[in-house]
Amino acid sequence: MKLSDYFDLQTLVKRHGNDKAALRTFGLAHASLFAQPPKLLHVWMREHIRKENDGTTPGEHYARPIADIAFWSNLVACIFGLTAAFALLHYNGKEPVNLLYYLFAAVALPLLTMIGSVAAMVRAMRTHSAMVRFSPAYWLQRILGFLHKEKETRSYRIDPLLGDWIAIRRAQSMGVCYGIGILAGLLVTITLHDVAFVWSTTLAITPDAFERFVKAVAFPWRDWMPQAVPSAELIAQSRYFRLGGEIDPEMVAKAQRLGEWWPFLAMATAVYTIGLRMLLWAVAYVGYAHALRKAVLRIEGVEALLEAMREPTVRTGAEHPNRSVGDSLSHREAEATRAVLKGAYDIVVGWACEKEKLPAVAESVGTSASRYIAIEGSETYEEKRAELQKISGEALFLVKGWEPPISEFADMLEVASEYAEAITVVPVGLPPDYGIADERWLSVWRRWLQMQPIEKTEVI
Amino acid sequence: MNKAPAFAVVGHPNKGKSAIVSALAMDDTVAVSDVPGTTKRHSAYPFEVDGTRLYTLIDTPGFQRPAEVLEILRKEPCPADKRFEAVRAFVRRYKDNPRFADEIELLTPIVEGAGIVYVVDGSKPYGSEYEAEMEILRWTGQPSMALINRIDESDFTDAWRRALSGYFHIIRTFDPMQAHYTQHLALLESMAQMDERWTASLKRSVESFTAYRKRQIKHSAETIARTVSEALCHTESVTIAADVPDESQKTMLMERYKESLRNMEAHAKTKIEKIWHHSRIQKSEDTLSLQNDDLFSEKSAELFGLTRKEIVTAGAVTGGIGGAGIDLLFLGHTMFLGGIVGAIGGGTAAYFAFEKLSDIEILGRKLGSYTMRAGPMKSRNFPYVLLNRLLYHTMRIATLSHAKRETLHLQPDTRFVERYLEESDRKHLETLHRKMRKCDEEAQKARLSYAEHLKRVLERKLLSQ
Ligand SMILES: Nc1nc2c(ncn2[C@@H]2O[C@H](COP(=O)(O)OP(=O)(O)OP(=O)(O)O)[C@@H](O)[C@H]2O)c(=O)[nH]1
Ligand SMILES: [Mg+2]
């Protein structure tokens with residue numbers, strides 16, 4: 001993954017993250033990559049990325065200033081190193097060059113800042129700036145936001161962790177460039193000038209002690225490059241005191257030897273300033289790559305995207321969701337006319353009811369009749385019709401109030417209405433008490449009957 | 001592989017066929033009503049995993065003229081092995097006859113191969129008028145089971161069991177108004193027993209359904225965690241020109257802040273409803289109440305959109321960079337070393353420059369301004385209140401049957417979390433609340449473990465009932 005991919009992914013997640021079915025299809029085709037999410041995302045991105053007219057992706061376009069900044073800052077660091085070297089090694093022939101200055105700028109200072117870098121790395125690995133505005137990510141985002149006015153790229157975010165590592169990596173590359181600059185400055189100076197190096201300090205350092213220091217510094221190369229290790233003699237000879245502005249004549253006599261310091265200085269620069277820093281650069285690169293992978297997974301929506309690829313899509317619910325499934329009667333509810341229950345009827349018809357129970361049921365609702373007929377549920381259609389022909393006069397139909405009225409009953413009512421003068425339907429309640437059914441059920445029956453074109457018939 | 005099974009849910013009108021389909025298909029758009037004859041056409045509710053159909057439920061209208069249909073079927077003598085054909089012939093013959101519209105609708109899927117799920121209401125007495133329809137179903141010879149659904153409190157289940165056993169081998173009870181996970185699974189298992197050709201498909205459905213349920217729980221937990229953490233870190237601010245903010249501006253800001261928190265909560269609830277496939281809930285609930293004394297606001301001066309503290313720090317960083325050299329140019333982390341002196345210098349300079357620059361006017365506008373900020377929430381109780389409400393909502397929604405159509409009354413009892421979570425759970429969440437308040441990287445991690453913890457709690461509750 002590249003940094004530009006990180007930005008492009010932000011767009012793509014927004015654009016395609018909701019098409020769960022397509023994501024799952026992709027996932028099924030790339031199931032072998034499930035254990036490597038960054039790779040999975042990368043392959044997915046390649047399928048969806050769209051190039052702009054100039055052949056770059058929006059992310060590449062957006063990330064370009066970061067590369068530009070890198071280039072220019074490296075250049076500046078290099079020139080800075082070069083200038084520093086020239087300044088430090090400036091030699092007008094009157095006064096020798098104090099190599100401690102050089103060692104400070106070319107070795108000690110970079111070493112100190114390397115410690116700073118290591119501290120920054122450790123910190124970046126552990127936590128992230130609570131003061132978000134001071135994280136490099138914040139400023140990077142601001143700078144890039146300033147450079148890009150496009151709507152799409154303006155919404156790009158830089159993860160704080162990633163921002164830290166971009167900065168850390170950049171610092172290391174600048175450090176290397178600074179080292180190269182200073183080394184180049186050293187080499188150019190000693191080629192074009194004769195420089196007399198001395199060491200000079202107010203501190204009570206004996207040449208012996210200084211030698212031990214120099215040997216320690218030269219430790220990495222003293223075995224295979226002895227010519228870059230100053231001898232004890234050289235060290236003793238190049239101690240310099242500026243007393244009275246006079247140069248020790250003995251020193252002048254050995255001026256030619258004083259130049260012999262340069263291989264040591266060059267090696268110190270190469271090993272500490274450049275070599276060590278390159279090592280840090282490599283570490284920073286690893287840290288950066290790790291942060292990039294992590295940042296990619298932390299993009300808003302990426303987790304859901306990966307889940308959509310890995311987890312089966314489950315669809316449940318209507319096949320045709322918009323088909324109207326119901327035709328609710330309740331909307332057509334109107335005031336139904338209600339029959340009044342009389343004390344006696346010519347005939348009581350029990351619908352889906354046993355004959356023996358009929359008088360008792362009729363009594364429970366408060367009525368009676370001279371004749372009772374029962375239409376049993378298990379009778380055939382023809383049998384039921386035949387029964388109904390016995391009806392005459394005013395009929396009372398006792399029905400199970402809890403059972404919904406069905407068309408079959410309407411058919412029967414229609415037959416009955418041919419023989420009866422009037423029909424009253426009474427839905428009854430649950431056994432064993434019966435009685436008139438709940439108002440809730442009565443209203444169902446009333447509404448139902450209202451919809452049926454049956455003459456002479458009413459529900460109580 | 002066998003064709004995915006279909007199950008026609010059939011029965012008398014108004015016995016909860018649509019309610020059962022609605023609950024099993026987790027679809028709250030199915031027309032369920034106490035008006036008999038609500039369902040007029042059959043309609044399919046497939047369960048698909050990765051685009052593969054595992055089974056289909058078919059909602060159907062109820063029988064309207066079973067006795068007459070049976071009479072037509074019986075008109076000619078028909079040996080048992082020809083009965084399926086006879087029913088099919090009936091369907092074909094009366095396809096366009098409005099008299100049998102409902103029977104045609106419900107028999108069509110069956111003659112096309114669907115299994116039969118015969119629904120009765122166990123809270124009403126059995127009656128012989130049911131025999132005609134059961135006989136018609138027996139004529140089809142399709143695999144079948146009976147489901148006893150008790151709509152009311154009264155209980156006639158035993159009579160029903162005796163009556164049904166003459167027609168059905170598998171008899172189960174099911175309550176569509178209780179979206180119980182275990183009951184749902186058990187029903188799928190029973191459906192698997194109806195025909196061995198369907199077993200594999202339904203076993204897979206059970207696995208997928210289980211995995212899906214866990215995912216729903218996970219998403220709910222994540223939604224709660226995200227909302228709590230975002231609400232804790234949320235701030236609202238206004239830029240004001242004058243030095244002294246007037247009270248009305250402050251009140252307005254506070255209202256805006258409260259409104260945002262309420263919106264966050266409402267948004268989370270909608271999301272949870274969506275996770276659980278509840279798209280049309282009618283609910284009555286009270287809104288998140290926020291006491292004014294819990295809220296916090298502060299005023300600070302700003303320059304270029306940065307507060308003085310930030311400007312001073314930026315100055316210090318810049319100074320530090322100057323002092324310590326190139327290495328620090330991009331770092332901002334490492335202000336120690338030689339940079340300290342530079343930092344102090346830079347910081348001091350920035351402090352004073354802030355005053356000066358703030359007063360400079362460009363085109364009549366001062367560079368500096370004041371910002372009034374409301375939030376983040378300081379109340380110790382707030383995350384609890386929010387968690388309480390969201391957890392309650394999740395529990396209610398996750399156990400809400402899709403067959404329910406009445407208004408849902410949501411009254412989170414303030415001690416819900418306490419009753420619901422064990423002491424150790426609460427302690428743990430409390431620690432995480434504290435971490436989440438920091439709104440930094442650690443807070444993000446805390447949010448993840450918060451979600452993980454809630455997920456376990458919800459799983460414990462929701463997968464066992
Ligand atoms: N309390 C309770 N009510 C139920 C239950 N099952 C169904 N109902 C109610 O019974 C009524 C009828 O339910 P539906 O699912 O519409 O019945 P149906 O069999 O599809 O009816 P039609 O489509 O008219 O044939 C609705 O008001 C449901 O809310 C149950 O288990 N408990
Ligand atoms: Mg229905």
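Q: How do I read the exposure of Asn14(B): what is its relative accessible area?
A: Welcome! Buried means under 20% relative accessible area and exposed means over 50%, with partly exposed in between. Asn14(B) has a relative accessible area of 28%, so it counts as partly exposed. Keep in mind that this is a predicted model.

Q: Where is Asn14(B) found, and what is its phi near?
A: Look in the loop between strand E1 (6-11) and H1 of chain B, where Asn14(B) is found. Its phi is near 60°, a positive value in a residue other than glycine. Asp50(B) is another case to look up: its phi is near 50°, also positive in a non-glycine residue. Asp50(B) lies in the loop between E2 and strand E3 (52-59) of chain B. With a relative accessible area of 23%, Asp50(B) is partly exposed.

Q: How do I read a metal site: which residues are the protein donors of the magnesium ion?
A: Donors are N, O and S atoms within 2.8 Å of the metal. For the magnesium ion (ligand 2), the protein donors are Ser18(B), through OG, and Thr39(B), through OG1, at 1.9 to 2.0 Å. The pair links distant parts of the chain, since Ser18(B) is in helix H1 (residues 17-24) of chain B and Thr39(B) is in the loop between H1 and strand E2 (43-49), 21 residues apart.

Q: Are Ser18(B) and Thr39(B) buried or exposed?
A: Use the 20% cut-off again. Ser18(B) is at 8% relative accessibility, so it counts as buried. Thr39(B) is buried too, with 9%.

Q: Which residues come nearest to ligand 1?
A: Of the 22 residues around ligand 1, the nearest are Ser18(B), Ala19(B), Gly37(B), Thr39(B) and Asn149(B). Backbone atoms also matter when you look for polar contacts, which are pairs of N or O atoms within 3.5 Å. A backbone N or O atom of Lys15(B) is 3.0 Å from an oxygen atom of ligand 1. For Gly16(B), a polar backbone atom is 3.0 Å from a ligand 1 oxygen, and for Asp34(B) the distance from a backbone N or O atom is 3.3 Å. Taken alone, ligand 1 exposes 640 Å², and the protein buries 85% of that.

Q: How do I check the span of helix H4 of chain A?
A: Count 1.5 Å a residue: the 31 residues of H4 (residues 58-88) should span 45 Å, and the end C-alpha atoms are 46 Å apart, which agrees. H4(A) does bend, by about 30° at Arg64(A), and Pro65(A) follows within four residues.

Key: Residues are numbered from 1 along each chain as its sequence is written. Chains are lettered from A and ligands numbered from 1 in the order in which they are written. This is a predicted model: local features need pLDDT of at least 70, side-chain atom pairs count only at pLDDT 80 or more; totals for chains, interfaces and linings use all residues. Side-chain values use heavy atoms; hydrogens and water are left out. Helices (H or I, at least four residues) and strands (E, at least two) are DSSP runs, numbered from the N terminus. The expected span of a helix is 1.5 Å times one less than its number of residues. The bend at a residue is the angle between axes fitted to the seven residues ending there and the seven starting there. Donors are N, O and S atoms within 2.8 Å of the metal (3.2 Å for Na, K and Ca); water is not among the atoms, so sites may look incomplete. Buried means under 20% relative accessible area, exposed over 50%, partly exposed in between (1.4 Å probe, protein chains only). A residue is near a molecule or strand if one of its heavy atoms lies within 4 Å of it. A polar contact is a pair of N or O atoms within 3.5 Å; within protein, one must be able to donate a hydrogen and the other to accept it, and residues adjacent in sequence count only if both atoms are side-chain atoms. Accessible areas come from the Shrake-Rupley method with a 1.4 Å probe; for residues, only the protein chains shown count as cover.
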